[in-house]
Amino acid sequence: RLRGFTDAVLRDCPERKISIIEQGLSDTAAASFLAKKLSRCGSLPDCIYVCTGKTNVAGAAIVKLAATAEKPMYCIGQERSDADRRYLEQGIELGYVAQNAYAQGYAAMEQIAVYITGGQMKNVLIPSEVYMGEEKR
């Protein structure tokens, strides 16, 4: 995910600087850590891309940095949780890509069953949906 995102941004906007901060954004305390790490980068980013499904942590970090930021900051991510709603409503989280985890798990088990019974497994495409705010695109 991360490599595809950065490659696409650099292809379309080669003047953009991308800083990769590898951190497991797993809890609210991570927002403070992320805010501190970003504030030490020199200039704050325009946007934070979260590939882990914890976009709300980036939203919380942006709120913490808002008082010192010279310009608005945004985030986009993979998946959406109920914790993201506040940042979507505030316009901090611009959008997300929603995957169908149920269909992914179901298709994986179907293919395993095919393989176990001597059949040939096949690639299965499970489409994702893109949302800008709460609106599906």
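**Notebook: helix pair and sheet**

I looked up helices α2 and α3 first and noted them as oblique to each other, because their angle falls in none of the parallel, antiparallel or perpendicular ranges. The model I am reading is a predicted one.

The numbers for this pair: α2 covers residues 29–39, α3 covers residues 55–65, and they pack at an angle of about 55° with axes 8 Å apart. I recorded the crossing of α2 and α3 as right-handed. Next I listed the residues that make the contact. From α2 they are Ala30, Ala31, Ser32, Leu34, Ala35, Leu38 and Ser39. From α3 they are Val57, Ala58, Ala60, Ala61, Lys64 and Leu65. Sorted by class, the contact of α2 with α3 holds 10 nonpolar, 2 polar and 1 charged residues.

I then turned to the sheet. What is the order of its strands? I read β1-β2-β3-β4-β5, in an open sheet of 5 strands with mixed pairing. Strands β1 and β5 (135–136) are at the edges, each with a single partner strand, so each has one side without a neighbour in the sheet.

I went through the pairings in turn.

- β1 (residues 47–50) runs parallel to β2 (residues 74–78), and the two share 4 bridges. Cys47 has Tyr74 of β2 as its bridge partner, and Ile48 has Cys75 of β2.
- β2 also pairs with β3 (residues 93–98) in the parallel sense, over 4 bridges. Here Gly77 is bridged to Tyr96 of β3.
- β3 and β4 (residues 129–132) pair in the antiparallel sense, again with 4 bridges. In this pair I found Val97 opposite Val130 of β4.

How does α3 sit relative to the sheet, and which strands does it touch? I noted that α3 packs on the sheet and touches β1, β2 and β3. The direction of α3 makes about 170° with that of β2.

Last, I traced the connection between the two parallel strands β1 and β2. The chain leaves β1, passes through α3 and arrives at β2, and I entered this β-α-β crossover as right-handed. Helix α3 thus appears in three of my entries: in the contact with α2, on the sheet and in the crossover.

Terms used
Residues are numbered from 1 along each chain as its sequence is written. This is a predicted model: local features need pLDDT of at least 70, side-chain atom pairs count only at pLDDT 80 or more; totals for chains, interfaces and linings use all residues. Side-chain values use heavy atoms; hydrogens and water are left out. Axes are lines fitted to C-alpha atoms, for helices over the stretch in contact, and angles run from 0 to 180 degrees between N-to-C directions. Angles under 35 degrees count as roughly parallel, over 145 as roughly antiparallel, 65 to 115 as roughly perpendicular and the rest as oblique. A crossing is left-handed if the near helix is turned anticlockwise from the far one by less than a right angle, and right-handed if clockwise. Contact means heavy atoms within 4.5 Å. Ala, Val, Leu, Ile, Met, Phe, Trp, Tyr, Cys and Pro count as nonpolar, Asp, Glu, Lys and Arg as charged, and the others, Gly among them, as polar. Two strands pair if DSSP finds at least two bridges between them. A crossover is right-handed if, with the strands pointing away from the viewer, the path from the first strand over the helix to the second runs clockwise.
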